[in-house]
Amino acid sequence: MSDLSQLFATALRLAAEGQAEQAVQAYREIVRAEPGHSAAHHNLGALLQGKGDLASARAHYEQAIRVAPTFAPTHNNLGNLLRDLGDAAGAHACYQEALRLDPNFTQALSNCGTLLHVNGQMEAALACYDRALQLDPSLSILHFNRAKLYDDTDRIPEAIAGYRESWRLDPKYPAPGMNLAILFNSIEEPDKALECCRKVLELGADCAMLRRTVAGAMRAMGRVDEAIAWYRGSLELEADPVQHSNLLYALNFHAGLDPAAVLAEHRAWATAHAESLTSHAAPYTNDRTPDRRLRVGYVSPHFREHAVNFFTEPLLAAHDRQQCEIFCYSDSNVCDDATARLRAAVDEWRDVHQLSDEQIAALVRQDRIDILVDLTGHIGGNRLLVFARKPAPVQVTYIGYQNTTGMSAMDYRLTDDHADPPGRTDAYYTERLVRLPGSFFCYRPDDYALEVSPLPALGLGAVTFGSFNLFAKVTPRVIETWLGILARVPGSRLLVLANRGGYAEQQLHARAQARGIEPGRVEAFQRLPRMDYLRLMQQVDISLDPFPFNGHTTTCDAVWMGLPVVMLEGQTYASRFGGSVLKNVGLDGLMTKNVEAYADAAVALAADLPSLARLRSELRPRMAASCLLDFSGFARRVESAYRQMWIDWCGSR
């Protein structure tokens with residue numbers, strides 16, 4: 001064996017043993033002695049790429065290709081390197097050359113599929129994955145990659161099957177189990193999510209994402225204390241502001257927390273993530289003329305068909321353009337009919353989905369915004385760290401979140417006298433509360449809203465109760481209260497939006513059975529398209545609100561469809577904000593103070609069908625005549641609040 005052959009064998013051995021640095025030195029000696037040694041250049045490039053020295057790795061790959069242009073693996077490796085450098089076109093060309101040289105090169109097919117997938121070319125990516133799996137169906141990573149594509153394109157059954165097959169082929173690979181858990185949470189199967197998380201933990205793959213996934217499943221199951229504990233555990237591993245917001249959101253589901261303690265939690269978020277940014281905010285150059293036209297910016301990921309948009313769209317469309325110039329900063333990659341309506345209704349539209357918090361803040365300053373309005377708070381997709389940079393002199397949080405932001409950079413919060421009774425809740429916010437007259441919101445019904453149907457109980461001879469809220473709000477105590485109502489109203493039934501056949505329905509049926517109630521009287525329905533959801537409301541006589549976390553959009557929808565809503569009212573905004581709907585349509589008597597009164601109110605409604613039928617026919621006209629649908633009047637009240645905020649700022653120095 002020649003000296004170079006022996007040195008090449010040594011380099012191979014060193015690399016196999018994990019002695020990368022020594023292997024690199026050996027390969028360097030070889031290519032110095034023999035610059036045309038293509039295999040040494042190829043292997044040296046791979047080692048240098050692994051060490052992050054991409055420039056040197058690229059040079060060696062290119063030399064290997066000059067010497068041996070028909071060796072497909074080098075083209076594949078160079079493609080991976082160019083992909084890592086952000087050169088998608090160059091990477092794709094390399095993969096295609098590798099496949100031209102070897103059409104059955106599974107790894108190149110997989111890499112090409114991943115590149116196409118990341119760049120949104122889903123059908124082409126799927127073709128690569130399918131071809132690779134035809135060649136080698138035993139590769140776990142291929143099943144995983146294809147499942148991820150199905151997941152990203154909402155082909156849920158195929159995604160589940162793919163992740164399961166990937167995990168079966170490589171039971172020690174935690175990623176399929178982790179993705180399965182996240183997917184199960186998204187389709188409201190938290191028990192299956194927890195089982196996947198348990199198996200991942202058994203593999204020793206604990207991480208912040210796994211803890212967050214467990215927390216999300218616990219919250220969905222009404223196990224709020226455990227959810228909070230798991231969110232805290234996640235933050236011990238990764239102090240991420242977005243995930244920290246998830247913890248804050250979960251606090252709103254807990255009935256027993258002291259509001260002062262919840263405020264402290266929100267302040268802790270701000271201390272950890274926001275206050276240092278606020279302290280470095282630059283001075284403002286805005287014209288301090290008190291009565292000039294204001295430049296008002298709204299920031300949201302929900303300028304699309306979304307629950308929040310039922311409240312923001314009528315305000316934005318009704319703004320007085322003589323008083324306010326309206327800017328929307330849209331943090332969404334979705335563009336639908338609602339997006340198109342909003343774009344046409346406002347003065348300036350900014351797509352900011354691809355921008356960082358810092359870039360958005362700079363854009364707001366460039367636009368010389370006077371009043372910047374947050375429509376998200378601590379719910380998913382928030383951009384609170386834009387507001388932390390204080391890019392506008394006056395900043396307001398509104399409608400999207402049911403609590404304080406905790407930030408000193410947020411000056412005001414819009415609310416009303418019912419949701420936040422004066423003197424009772426002010427101490428639980430870092431923002432100054434501005435209470436709008438009448439209601440803190442207006443509501444836009446669907447253009448295609450169905451007619452109010454006759455009272456179903458008159459035809460069925462029995463009352464149908466319904467709940468249309470996020471099932472995570474339906475705690476065990478709520479379920480027991482609802483079942484107690486069914487027990488007191490003979491023949492009645494309950495319809496809920498929950499995963500049919502999944503954990504929620506199983507729990508409802510098991511609890512009903514334990515109380516001697518026929519499980520068939522409780523029926524679950526999958527999340528439905530908007531029209532079907534409203535048709536489901538047509539089958540219901542009385543809506544039951546969850547507690548302690550009220551519904552809001554669902555309450556508006558129910559009243560518009562003629563359904564009275566029974567509600568348990570608490571001491572904080574999260575347990576009161578839905579009551580602003582009932583107060584404005586004359587249903588004050590259904591805002592109860594304790595569980596016993598809540599159940600009594602529901603039973604009393606069910607006992608008087610003629611009165612219930614009359615109420616059903618009256619609710620839509622009442623709502624239509626109320627301030628809830630007075631869009632221009634509401635916009636004037638909001639503008640008046642903005643003007644006073646502006647005057648106060650102009651007077652401050």
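Leaving aside its neighbours within four places in sequence, which residues is alanine 40 in contact with? They are Phe8, Tyr27, Ile30 and Val31. The structure discussed here is a predicted model. Alanine 40 belongs to helix H3, which covers residues 38-50. With a relative accessibility of 0%, alanine 40 counts as buried, because buried means under 20%. From alanine 40 to tyrosine 598 the separation is 558 residues in sequence and 78 Å in space, taken C-alpha to C-alpha.

A second buried residue is asparagine 76, in helix H5 (residues 72-84). Its relative accessibility is 0%. When neighbours within four places in sequence are left aside, asparagine 76 is in contact with Tyr95, Ala98, Phe105, Gln107, Ala108 and Asn111.

**The sheet**

Seven strands make up an open sheet with parallel pairing, and their order is E3-E2-E1-E4-E5-E6-E7. Strand E3 (348-351) and strand E7 (432-435) form the edges, each pairing on one side only. From one strand to the next, the twist averages 25 degrees. Within this order, strand E1 (residues 294-300) pairs with strand E2 (residues 324-330) in the parallel sense, over seven bridges. Tyrosine 298 stands opposite cysteine 328 in E2.

**Backbone angles**

Most residues other than glycine have a negative phi, and most peptide bonds are trans. Two non-glycine residues with a positive phi are set out below, each with its loop and its relative accessible area.

| Residue | Phi | Loop | Relative accessible area |
|---|---|---|---|
| Arginine 368 | about 55 degrees | between helix H20 (357-366) and strand E4 (371-374) | 47%, partly exposed |
| Isoleucine 399 | near 65 degrees | between strand E5 (394-397) and strand E6 (412-415) | 10%, buried |

The loop that holds arginine 368 leads to strand E4, and E4 is one of the strands of the open sheet. The loop that holds isoleucine 399 lies between E5 and E6, which are also strands of that sheet.

A cis peptide bond is found between phenylalanine 547 and proline 548, with omega at about 10 degrees. Proline 548 is located in the loop between strand E11 (542-544) and helix H26.

**A pocket and its lining**

Rolling a probe the size of a water molecule over the atoms shows where empty space is left. The second largest pocket holds about 510 Å³ of space. Its lining consists of 30 residues, and those nearest the centre are Ala255, Pro548, Gln571, Thr572 and Ser575. Pro548 thus appears again, here as a lining residue, after its part in the cis peptide bond. Two elements, helix H16 (259-273) and helix H28 (595-607), give two or more residues to the lining. H16 supplies the largest share, with three residues.

**Helix H25**

Which residues of helix H25 (residues 530-538) are buried? They are Tyr533, Leu534, Leu536 and Met537. Seen down the axis of H25, these buried residues fall within an arc of 150 degrees, so they line one face of the helix. They pack against two strands, E9 (493-497) and E10 (522-525), and against two helices, H26 (553-560) and H29 (609-625). Helix H26 is also one boundary of the loop in which proline 548 lies.

Note on methods: Residues numbered from 1 in each chain as written. Predicted model: local features only at pLDDT ≥ 70, side-chain atom pairs only at ≥ 80, totals over all residues. Heavy atoms only, no water. Buried < 20%, exposed > 50% of the residue type's maximum accessible area, 1.4 Å probe, protein only. Helix = DSSP H or I, 4+ residues; strand = E, 2+ residues; numbered from the N terminus. Arc of directions from axis to C-beta. Contact = heavy atoms within 4.5 Å. Pairing = 2+ DSSP bridges. Axes fitted to C-alpha atoms, helices over the stretch in contact; angles between N-to-C directions. 1 Å grid on protein atoms, 1.4 Å probe; cavity = no way out; pocket = protein on both sides within 12 Å on 5 of 7 lines; lining within 4 Å. Points joined across faces, edges and corners; volume = space filled by probe spheres on them.
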